[in-house]
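Please look through the structure shown here with its strands and helices in mind. The paragraphs that follow take up its sheets, a pair of packed helices and a few individual residues in turn.

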Amino acid sequence: MIILFITSLVVKGAVWPSDTMEEGMTVGETVNKEMVVAPKRERKIFRPKRNVVKGVPSEIENDTKLKLAIDVLPKNYNFEIPKTIWRIQQAKSQHVALQFPEGLLLFATTIADIIESWTGAETTIMGDVTYGACCVDDFTARAIGADFMVHYGHSCLVPIDQTGSIPCLYVFVDIQFDTVHLIETIKSVFPSTVPLALVSIIQFVGSLQKMAQDLKSSGYTVLVPQCRPLSPGEVLGCTSPPIPKGYTIICLGDGRFHLESIMISNPEIPTYLYNPYSKVLSKENYDQPLMKKIRKDAIDKASKAKKWGLILGTLGRQGSTKVLENIQKQLMASGKDFIIVLLSEIFPAKLAAMSDVDAWVQVACPRLSIDWGASFPRPLLTPYEATVALKHAEWHSQNYPMDFYANESLGEWTPNHKPPCPCGLTRSTGCKGLRCQGAQNK
């Protein structure tokens, strides 16, 4: 197959007669016509090396001693050890940085020992707090001299082509659980006439599709929603997919942080939490009116502020300079005085020390403002709330937007926001993205 890319072309005397001939013209009369081929947009295409596509070599996958070493780890946790060893060997890495969330740190030293024994590379465990996928810390990994990084427990929110000069491997740590118990529990609680939407944290996403098929085969209507760029069914604490009316949400997880995200995003949808560890299915509630009242009061108070403070989060990749610049432009357009502060973690006492600031905007974690904003001495707004306070966006009193990392977010106060396609559709309603005819004709 031959692929020809044409960026710009003007051809004289070498055109297709059918394209240029007007009625009554002969072929010879077309030689002075010009054909201009419009330039096409260049597309970045990631093509992995062939040896990456083949998979883990059998000598690593079937290594008896390696299997014995892996047996020390929980059987239902997939840390992808053979794949990690192989990727490190392929990269010829000498120094590997390992980053874990708090819940997986107890396995860190064991995994580091295995990696060092089978690759010969030095390992460094990065012990700073890691709240989510936004905290991937390739900056620190490079600063300590690492030439390879493994991030555990979160999805690939920051693409591997954006982690600078250091290769980064994301290990989701898929956790197997008793899906039969959950399916039987669902059947005993919900009749097949109730449409279900299944969502979870990244560790359980691998089980959602199989469960959905099993339930569909039993006569249920099941949806595994997706909020791009997240995986189907995945929810983050700040990003959740919209659910159609009439559905009931079943969220898999062992806490309320991610659950509350999809509840805030879908306030009228009944929501249940299934804890795979305790095997308990519980009906959950969230005080939407109180949350919205607290946030609207903070917005109203901030709208009268004379001096603003902009906080750029420096915990991993939490802070987005793109979002920060957008807020800066809004403040300058409104004639507001402001300062910029860099913080890895944001505490009330820290901000109280800068008492001359009337209102704060934090470009780090939206949930910090939503969950804890009332604990701060001055209004602590999210980028969305700041945009509302500065009169550049409307307050959504019904559905508070939980779309911080969504490609189809409501506005430029989010890092992945993309303007609406000229076709008028979204990816979820039929737009083909780069292949969309409306985008190509723009």
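**Sheets, helices and loops**

In β7, the residue that serves as bridge partner to Tyr152 is Val171. The model in which this pairing is found is a predicted one. The contact between these two residues belongs to a parallel arrangement in which four bridges join β6 to strand β7, residues 168-171. On another pairing of β6, strand β4 (residues 95-99) runs parallel to β6 and is joined to it over four bridges, and there Ala97 has Met149 of β6 as its bridge partner.

These pairings belong to an open sheet of four strands, ordered β5-β4-β6-β7 and paired in parallel. Its edge strands are β5 (122-126) and β7, each of which pairs on one side only. Neighbouring strands of this sheet are turned against each other by 20° on average, direction ignored. Between β4 and β5 there are five bridges, again in the parallel sense, and Gln99 has Met126 in β5 as its bridge partner. Helix α6 (residues 108-119) packs on the sheet, where it touches β4, β5 and β6, and its direction makes about 160° with that of β5. Helix α5 (residues 81-91) lies across β4, β6 and β7 and runs at about 160° to β6.

How many of the five residues of strand β6 are buried? Five of the five residues of β6 (residues 148-152) are buried, so this strand is largely enclosed by the rest of the structure. In a regular strand the side chains alternate between the two faces of the sheet. In β6, Phe148, Val150 and Tyr152 point one way while Met149 and His151 point the other way, and all are buried.

A second open sheet can be followed in a similar manner. Its four strands have the order β15-β14-β16-β17, with parallel pairing. At the edges stand β15 (337-343) and β17 (380-381), each with a single partner strand, so one side of each is left without a neighbour in the sheet. Strand β14 (residues 307-313) runs parallel to β15 and is joined to it by seven bridges, and Leu310 has Ile340 in β15 as its bridge partner. Helix α12 (residues 321-333) packs on this sheet and touches β14, β15 and β16 (359-363), its direction making about 170° with that of β14.

A single residue, Leu351, is worth following from here. Leu351 has its place in helix α13 (residues 348-352), and because its relative accessibility is 4%, below the 20% limit, Leu351 counts as buried. Leaving aside residues up to four places away in sequence, Leu351 touches Ile311, Leu343, Ile346, Trp360, Phe376 and Leu380. Leu351 and Leu380 are 29 residues apart in sequence, and their C-alpha atoms are 9.6 Å apart in space.

Attention can now turn to helix α9. In α9 (residues 205-217) the buried residues are Val205, Ser207, Leu208, Met211, Ala212 and Leu215. These residues cover an arc of only 140° around the axis, which puts them on the same side of α9. The face of α9 turned away from this buried side carries the exposed residues Gly206, Lys210 and Ser217. The buried residues of α9 pack against α8 (179-189), β9 (196-200), β10 (222-223) and β11 (248-252). After α9 comes Gly219, whose phi is positive, near 95°.

How do α8 and α9 meet, and at what angle do their axes cross? The axes of the two helices come within 11 Å and cross at roughly 40°, which makes α8 oblique to α9. In this crossing, which is right-handed, α8 passes α9. The contact is made by Thr179, Leu182, Ile183 and Ile186 of α8 together with Ser207, Met211, Asp214 and Leu215 of α9.

Some details of the backbone remain. A cis peptide bond, with omega of about 15°, joins Arg228 and Pro229, and Pro229 lies in the loop between β10 and β11. Lys279, although not a glycine, has a positive phi of about 60°; Lys279 is found in the loop between β12 (271-275) and β13 (280-284), and at 37% relative accessibility Lys279 counts as partly exposed. Lys391, likewise not a glycine, has a positive phi of about 65°. Lys391 is found in the loop between α15 (383-389) and α16 (437-440), and at 68% relative accessibility Lys391 counts as exposed.

Terms used
Residues are numbered from 1 along each chain as its sequence is written. This is a predicted model: local features need pLDDT of at least 70, side-chain atom pairs count only at pLDDT 80 or more; totals for chains, interfaces and linings use all residues. Side-chain values use heavy atoms; hydrogens and water are left out. Two strands pair if DSSP finds at least two bridges between them. Contact means heavy atoms within 4.5 Å. Axes are lines fitted to C-alpha atoms, for helices over the stretch in contact, and angles run from 0 to 180 degrees between N-to-C directions. Buried means under 20% relative accessible area, exposed over 50%, partly exposed in between (1.4 Å probe, protein chains only). The arc is that of the directions from the helix axis to the C-beta atoms. Angles under 35 degrees count as roughly parallel, over 145 as roughly antiparallel, 65 to 115 as roughly perpendicular and the rest as oblique. A crossing is left-handed if the near helix is turned anticlockwise from the far one by less than a right angle, and right-handed if clockwise.
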